Amino acid sequence: MKNIGFLSFGHWTPSPQSGTRSAGDTLLQSIDLAVAAEELGADGAYFRVHHFARQLASPFPLLAAVGARTSKIEIGTGVIDMRYENPLYMVEDASAADLISKGRLQLGISRGSPEQVIEGWRHFGYQPNEGESDADMGRRHAQVFFEALKGEGFAKPNPNPMFPNPPGLLRLEPYSEGLRDRIWWGAGSNATAVWAAKLGMNLQSSTLKDDETGEAFHIQQAKQIRAYREAFAEAGHSRTPRVSVSRSIFALTDERDFAYFGRSKDQDSIGYLDANTRAIFGRSYAAEPDRLIEELRKDEAIAEADTLLLTVPNQLGVDYNAHVIESILKHVAPALGWR
């Protein structure tokens, strides 16, 4: 395990029990947690994107702000729903955030997951082409985005521009060199992991995936990762791809930990993402450090991945979440080969 970061869903609710009672609370605390995680030595600060929900939504202002307040930690998403995105405008936003962070952006994108509203992407002005599903549309947007990140000119210049143009066709600006190698696809199935590998994207695999074999979640996820790596190699890409997995992991080291997570479920569960998609949800891990190390060593997908993202309970506040991250980095991660 080379890299360990956190993944925040950015929940907020106007409840007296919540440490994040507004969108402003969540945004500002997300920045503070990234700063704290960097000081603790964590490798990444990642944020989930959900529309029409009391969670983090438009990611690029947050990513740029985190980039301006930190200097080392990777900054990413897990994931942006491409059904909602204008891929060319997104190239500009992503490139600007990457330049502000001096090349630390690790951008997770996907075709999306179940939503708060019915066909929410239609409200953003997008709809599938004839014969397309919404998932097809999301992948199409992703391919346009990924292609435009090459930085090649494609737009015919105005012969009488307001400002002088460089010669030839124009590309989107700003351009951030190297960002294209730091795009990750959030794959929920083996087939989409292979699709991403052929394009040359990195792989993000979450705490759920399509239940394709009936085996334990970590075994299915490990097989997905192996299929992805095999397809990446067969496609002839020149670089080594990166793979991340997400987990809910809590080292029980004090009374707060036992109170919050001492009764966490320790087995996978089955559910349905829609009427036709049976999914398997990975278990949570919560135990004292020695036992936690033993359990995590048996997780085949963690062993296959190079990056582990710890899902954090952001509504419990910055101080407690920093404690959660520090407990893993200090008491658990070294035994799993971190650094």
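**Close-up views of pockets, cavities, salt bridges and nonpolar cores**

**View 1. The second largest pocket of this predicted model has a volume of about 360 Å³.** Its lining is made up of 21 residues, among which F9, T207, S248, T311 and V312 are the closest to the centre of the pocket. Sorted by class, the lining of this second largest pocket holds eight nonpolar, 11 polar and two charged residues.

**View 2. The largest pocket encloses a volume of about 800 Å³.** A total of 33 residues line the largest pocket, and those closest to its centre are G112, S113, G188, L208 and L273. Two or more lining residues are given by each of the elements β3, α5, β5, β6 (202–205), β7 (208–210) and β8 (243–247). Of these, β7 contributes the most to the lining of the largest pocket, namely three residues. The class composition of the lining is nine nonpolar, 16 polar and eight charged residues.

**View 3. The largest cavity, one of two cavities of 30 Å³ or more, holds about 80 Å³ of space.** The residues around the largest cavity are R48, V49, H50, H51, D81, R83, Y84, G112, S113, P114, E115 and Q116. In this lining, three residues are nonpolar, five are polar and four are charged. G112 and S113, which belong to the lining of the largest cavity, are also listed among the residues closest to the centre of the largest pocket.

**View 4. The second largest cavity has a volume of about 60 Å³.** Its lining consists of S8, T26, Q29, S30, L33, N314, G317, V318 and N321. The helices α1 (23–40) and α11 (318–331) each supply at least two of the residues that line the second largest cavity, and α1 provides the largest share, with four residues. By class, the lining of this cavity comprises two nonpolar and seven polar residues, with no charged residue.

**View 5. R83 and D134 form one of the salt bridges of the model, their side chains meeting at 2.4 Å from N to O.** R83 sits in the loop between β3 (74–81) and α3 (87–100), whereas D134 belongs to helix α5 (residues 134–148), so the pair ties together parts that are 51 residues apart in sequence. R83 counts as buried, because its relative accessibility of 3% falls under the 20% cut-off. D134, in turn, has a relative accessible area of 22% and is partly exposed. R83 also appears in the lining of the largest cavity.

**View 6. R182 and D98 are joined by a salt bridge whose closest N and O atoms are 2.7 Å apart.** R182 is placed in the loop between α5 and β5 (183–186) and D98 in helix α3, so that this pair ties together parts lying 84 residues apart in sequence. Both partners are buried: R182 has a relative accessibility of 13%, and D98 has a relative accessible area of 0%.

**View 7. E119 and R122 make a salt bridge in which the closest N and O atoms are 2.5 Å apart.** E119 is partly exposed at 34% relative accessibility, and R122, with a relative accessible area of 39%, is likewise partly exposed. Elsewhere, salt bridges with shared partners connect D81, R83, E115 and D134 into one network. D81, R83 and E115 are found in the lining of the largest cavity as well. Over the whole structure, the search finds 24 salt bridges.

**View 8. The largest nonpolar core contains 70 residues, of which F6, L107, I109, F145, I183 and L292 touch the most other members.** For L292, the contacts beyond four places away in sequence are I249, F250, A251, Y285, A286, A287, I328 and V332. A second and separate core is formed by six residues, among them F250, L252, A286 and Y320. F250 and A286 are therefore members of the second core that L292 touches, although a nonpolar core is joined through side-chain atoms within 4.5 Å, whereas a contact is counted between heavy atoms within 4.5 Å.

Terms used. Residues numbered from 1 in each chain as written. Heavy atoms only, no water. Salt bridge = Lys/Arg side-chain N within 4 Å of Asp/Glu carboxyl O. Buried < 20%, exposed > 50% of the residue type's maximum accessible area, 1.4 Å probe, protein only. 1 Å grid on protein atoms, 1.4 Å probe; cavity = no way out; pocket = protein on both sides within 12 Å on 5 of 7 lines; lining within 4 Å. Points joined across faces, edges and corners; volume = space filled by probe spheres on them. Nonpolar A, V, L, I, M, F, W, Y, C, P; charged D, E, K, R; others polar.
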